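Colleague: Please show me how to read a strand pairing, a ligand shell and a few unusual backbone angles, one after another.

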Amino acid sequence: MLFICGQQGKSVINAFNEFRMGQKSDEKKELLWQSRFSEPFDEDALRFSSSVEVDCALYKEDIQGSIAHVTMLSEENIISSDDAEKIIAGLKEIEKEFDAGQVPLDWREEDIHTVIENRLKEKIGAVAGKVHSGRSRNDQVATDTRLYMRRQIDALTLALENMNDTLLKKAEEHVDTIILGYTHLQRAQPILLSHYYMAYLEMFSRDIERVQDLRKRVNRSPLGAAAFAGSSLPVNTRRTAALLGFDDIFSNSIDAISDRDILIEFASACSIIMMHLSRFSEDLILWTTEEFKFLELKDAFATGSSIMPQKKNADIAELVRGKTGRVYGDLIALLTIMKGLPLSYNRDMQEDKPPLFDAAKTAIESVNIFNKLLQNTVVNKARLKSVTENDLSLATEIAEYLVGKDVPFRDAHRITGKLVSFSLQTGTPLPKISLEDYQKFSPVFESDIYDSLTPESSVRRKKSAGSTSPESVQMQLERQKGKKQK
Ligand code: ARG
């Protein structure tokens with residue numbers, strides 16, 4: 001046995017892949033295309049071109065596609081129903097063997113399609129060869145990839161929905177917690193913490209919309225396009241599409257097997273998700289530092305240092321931020337693989353799978369782990385209170401107070417700027433400056449100025465749509481909850 005692929009074999013693959021795939025078995029493996037050649041394919045060339053260790057991840061989709069194809073072949077009398085039954089029974093057995101991690105794989109079988117066909121032949125004999133009537137590996141691999149992507153899109157959507165559930169809970173828990181908001185990473189204005197969480201919820205909601213929109217384009221069947229020109233056999237492409245749960249079929253067989261734009265869109269959607277997560281990670285990393293101290297990580301999600309015993313690090317957030325770079329790399333790899341290819345199929349396209357699989361796995365795992373990380377953060381309310389009170393971030397309130405007294409905004413800004421400088425020079429926080437002093441900067445100041453100079457009033461006074469006021473954030477919450485119920 002060379003290595004194992006399947007549910008139970010997954011960890012085995014990761015650990016021993018290279019080692020085991022590098023070994024040779026004594027058995028002679030048959031390639032699907034060798035009959036026109038008089039010499040066997042060079043071993044090193046085969047080792048270089050084999051994709052078994054990567055595309056074995058598609059065994060379920062490959063078997064699912066073959067079962068649909070064979071069902072259609074027998075319905076259209078292209079093969080007998082007896083043969084179809086034998087093939088389907090054999091394929092189902094092979095799937096179980098894969099699930100149990102019992103299928104030995106040899107890189108010399110070239111790809112997962114060959115592995116399964118050879119295995120089928122071992123089980124049911126020459127009739128196995130009928131599985132490929134009216135089909136090519138080109139439409140076969142395009143079908144497998146679409147089925148795979150559909151599954152990954154569903155998993156990603158679920159992961160993002162779970163993340164949004166956590167954000168909704170956090171937002172509800174912190175409807176009246178006030179935090180400092182930043183621009184340019186400088187203290188800017190007080191905001192509700194719920195407003196902050198809802199901002200990410202909006203981003204992840206768009207991420208869900210993006211992958212769901214892509215799902216429509218993914219869910220079209222390329223099966224029946226054959227090599228690229230179609231087949232002279234009466235293959236019923238609509239029937240295989242329906243059996244596989246596709247909504248539609250291709251319109252052009254060349255396009256069906258040669259484009260990989262949906263993979264690029266998927267990697268792009270994953271990159272955007274990772275970018276959102278990476279920014280969120282950055283906030284979390286900063287906020288858990290001694291300097292900010294807005295959040296604390298529960299021990300289950302904090303890491304220590306091997307030398308500095310006091311350290312409590314946010315490694316999980318750092319890893320999510322780091323993995324973002326890898327997913328961007330996957331996107332660039334896919335774009336670059338495709339950019340110079342003449343129509344139609346080219347073997348370069350086999351290189352689409354490592355970046356596709358990596359982008360899907362990394363994005364799904366990152367969303368799931370970040371969701372858990374978020375649940376393991378504790379807000380330091382006392383610290384938030386002490387940093388927001390008396391802070392210069394209330395300065396915009398003074399400017400808007402003056403505008404309310406009919407002072408042109410430019411003048412209001414200038415007057416407030418001077419007050420800020422006075423506050424810094426005298427070491428007097430803005431709410432502690434006397435009315436007499438306020439009036440030295442503008443006669444319009446009255447004692448009601450102090451009503452605006454608390455973080456609570458700053459937040460409460462916001463009136464514009466989508467703002468940080470409690471009513472506005474409540475509306476944002478209700479809107480998202482309403483969407484969830486639909
Ligand atoms: N491993 C190949 C790929 O992923 C399968 C299709 C092979 N087709 C061919 N004409 N050699 O692209």
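Modeller: Begin with a single bridge: T183 has Q186 in strand 4 as its bridge partner. Strands here are DSSP runs of E with at least two residues, helices are runs of H or I with at least four, and both are numbered from the N terminus. The model is a predicted one, in which local features need pLDDT of at least 70 and side-chain atom pairs count only at pLDDT 80 or more, while totals for chains, interfaces and linings use all residues. Residues are numbered from 1 along each chain as its sequence is written, and side-chain values use heavy atoms, with hydrogens and water left out.

Colleague: In which sense do strand 3 and strand 4 pair, and over how many bridges?

Modeller: Two strands pair if DSSP finds at least two bridges between them; in this model strand 3 (residues 178-183) and strand 4 (residues 186-192) are antiparallel, with 6 bridges. Further along the pairing, G181 stands opposite Q189 of strand 4. Together the two strands make a hairpin with 2 residues between them, and in that turn H184 has a positive phi of about 55°.

Colleague: Where else is there a positive phi in a residue that is not a glycine?

Modeller: E110 is such a residue, with a phi of about 75°, and its place is the loop between strand 2 (103-104) and helix 6 (112-124). Another backbone feature to look for is a cis peptide bond, and the one from L343 to S344 has omega near 5°. S344 belongs to the loop that lies between helix 12 (315-338) and helix 13 (353-375).

Colleague: Which residues surround the ligand?

Modeller: A residue is near a molecule if one of its heavy atoms lies within 4 Å of it, and around this ligand one finds S51, H113, R137, N138, V141, Y345, Q350 and K353. Helix 7 (residues 137-173) gives the largest share of this shell, 3 residues.

Colleague: Which side chains put a polar atom close to an atom of the ligand, and at what distances?

Modeller: A polar contact with the ligand is a pair of N or O atoms within 3.5 Å. From the side chain of N138, a polar atom lies 2.9 Å from a ligand nitrogen, whereas the polar side-chain atom of Y345 is 2.4 Å from a ligand oxygen. For K353, an N or O atom of the side chain is 2.7 Å from an oxygen atom of the ligand. As for burial, the ligand on its own has 340 Å² of accessible area (Shrake-Rupley method, 1.4 Å probe), and the protein covers 87% of those 340 Å².

Technical notes
A polar contact is a pair of N or O atoms within 3.5 Å; within protein, one must be able to donate a hydrogen and the other to accept it, and residues adjacent in sequence count only if both atoms are side-chain atoms.
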